[in-house]
Amino acid sequence: MSLINNLRPGGRHGIATTESRDPIGYLVAGLSRLAQSDLIDRFGLRKSTEQAVFSVTSNGFKTMTVASRTFAKAGKVGRPGVRVAPAARTGLFDLTPTEDEQMLVDVVTEYAEEVIRPAAADADAACAAPAEVLKAGAEIGLPILGVPEALGGISEERSAMAGTLVAEALAKGDLGLAVAGLAPGSVATALGLWGTDAQQQTYLPAFTGDDVAAAALALTEPTVLFDVLSPSTTAVRTADGFTLNGVKSLVPRGADAELFIVGALLDGAPALFLVESGTDGLAVEGDPAMGVRAASLTRITLTDVKVGSDAVLGETDGSTYRDCVRLSRLAWCALAIGTGQAVLDYVTPYVKERQAFGEPIAHRQSVAFMVANIAIELQAMRLVTYKAASRAAAGKDFTREVALARKLCTDKGMQIGLDGVQLLGGHGFVKEHPVERWYRDLRAIGIMEGSVLV
């Protein structure tokens, strides 16, 4: 890939000139290169820009999907795909990031602050992620974080821990834009984890080249008391494949997506299906929500959508589908941590500077305790999420850990958003300050079952 070929050792983040780089090192170098280049200024991302409105009406838009690129069939049908090895673990639960992981956190945080944060307010208002921000994210290698190195990616081992750190760092800039940027990588990572040789050779080149395909997971449905493990969308076997029927909601960037991974019930068990956007019977409409608006959320309707027998991703007994849901929930926990940290970083100086009755409001115990509680709950969220990610990266069962993390991040994430608004008083209710947007975004943690994946 040109990005990796053009990177050379050395630079501001301390990689020695004589040192060879591992895959994470290449991503770190790419992020560092972006931060030092004039890309931000060239795209005009240091100032707010006017965005075309995606859809903010109750009806949104409705259209057949755009014709996708032609995915040339390649690889051997039925042959297992390339798999990355589980991450090596010492047996100790150590939350200290490795040197490479810490550099990764540093540079992604810089990218989030310099590129994502300035564009966040306009993107939220327009319900659309700026093309320049998405392009910059693709150029620094985010979509290939979970793709095996042998297939053009940068992953030598399971990337759940690195993906968690990346999602958290991106969400400090903006959760909606983080989801928009991570959506293609979610599909690429799923292909790396469960795809056959034919599926990987057919679709992954679209994510490892210069023109990265838009793609998305589609698991959530617009039904009351929706249970992600029992989707209403159905898949029926036919002579030459499957026929899909159903509706999926809250799908990021669905209008632009060229490839979907759709969850459907097959023979009584949930399974994942690869569906190209140009397939007959697939329609997209705007589905703007309370939060995560910058991700261009859409609803897709599948009406007698026919796919081939090779469209199944992974196993059909429900095991692959459940793993996908768990990893997606883990990613949402990481996004909640990043957004919660943004709230804490914003309100802490605010309460120290805001004067009431002749002194900073931070001097009031009710205020000080509220800020302290945000910090305490945030650290608890981080601990349980990192533990789940560590077990996932090592290839161990993390069902219990991710369930605990999701419960904690859902409840405490919403409370952090609420407390952030409360601490700002009237300022927390207006769009001049970003806390009201973070509050809306944090309420999505327990709802968005499948849009991102680590």
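**A friendly note on the helix packing**

1. A good place to start is a helix pair towards the end of the numbered elements. Gly 413, Met 414, Gly 417, Leu 418, Gly 420, Val 421 and Leu 424 of H12 touch Val 435, Glu 436, Tyr 439 and Leu 442 of H13. Sorted by class, this contact between H12 and H13 holds seven nonpolar, three polar and one charged residues. Please keep in mind that the model is predicted.

2. How do these two helices lie against each other? The axes of H12 and H13 (residues 435-442) come within 8 Å, crossing at roughly 160 degrees. Angles over 145 degrees count as roughly antiparallel, and H12 and H13 are therefore roughly antiparallel to each other. Their crossing is left-handed.

3. H12 itself deserves a look along its length. With 26 residues at 1.5 Å a residue, H12 should span 38 Å; the C-alpha atoms at its ends are 37 Å apart, which agrees. Just after H12 comes Gly 425, with a positive phi of about 60 degrees.

4. H12 (residues 399-424) also packs on H10 (residues 319-353), at an angle of about 25 degrees and with the axes 9 Å apart. Since angles under 35 degrees count as roughly parallel, H10 and H12 are therefore roughly parallel to each other. H10 passes H12 in a left-handed crossing.

5. Which residues make the contact of H10 with H12? On the H10 side they include Arg 326, Arg 329, Leu 330, Cys 333, Ala 336 and Gly 340, and on the H12 side Thr 399, Val 402, Ala 405, Arg 406 and Cys 409 are among them. Counted by class, the contact of H10 with H12 has 14 nonpolar, three polar and three charged residues. You may like to find Gly 420 and Leu 424 in the model: these H12 residues take part in the contact with H10, and they also meet H13.

6. H10 has another neighbour to look at, H6 (residues 160-171). The axes of H6 and H10 come within 7 Å and cross at roughly 40 degrees, which makes H6 oblique to H10. In this case the crossing is right-handed.

7. Where H6 and H10 meet, Thr 164, Ala 167, Glu 168 and Ala 171 come from H6, while H10 brings Leu 330, Ala 331, Ala 334, Leu 335, Ile 337, Gly 338 and Thr 339. The contact of H6 with H10 divides into seven nonpolar, three polar and one charged residues. Leu 330 of H10 is worth selecting, as it is listed in this contact with H6 and in the contact with H12.

8. H11 (residues 365-393) can be checked for length too. Its 29 residues, at 1.5 Å each, should span 42 Å, and its end C-alpha atoms are 42 Å apart, which agrees. Gly 395, just after H11, takes a positive phi of about 75 degrees.

9. Finally, a word on the aromatic rings. The count comes to three aromatic pairs. One of them, Phe 242 with Phe 273, is edge-to-face, at 5.2 Å centre to centre and 65 degrees between the planes. This pair links distant parts of the chain: Phe 242 sits in strand S4 (residues 241-252) and Phe 273 in strand S6 (residues 269-276), 31 residues apart.

How values were computed:
Residues are numbered from 1 along each chain as its sequence is written. This is a predicted model: local features need pLDDT of at least 70, side-chain atom pairs count only at pLDDT 80 or more; totals for chains, interfaces and linings use all residues. Side-chain values use heavy atoms; hydrogens and water are left out. Axes are lines fitted to C-alpha atoms, for helices over the stretch in contact, and angles run from 0 to 180 degrees between N-to-C directions. Helices (H or I, at least four residues) and strands (E, at least two) are DSSP runs, numbered from the N terminus. Angles under 35 degrees count as roughly parallel, over 145 as roughly antiparallel, 65 to 115 as roughly perpendicular and the rest as oblique. A crossing is left-handed if the near helix is turned anticlockwise from the far one by less than a right angle, and right-handed if clockwise. Contact means heavy atoms within 4.5 Å. Ala, Val, Leu, Ile, Met, Phe, Trp, Tyr, Cys and Pro count as nonpolar, Asp, Glu, Lys and Arg as charged, and the others, Gly among them, as polar. The expected span of a helix is 1.5 Å times one less than its number of residues. Rings of Phe, Tyr and Trp (its six-membered ring) pair if their centres lie within 6.5 Å; planes under 30 degrees apart count as stacked, over 60 as edge-to-face and the rest as tilted.
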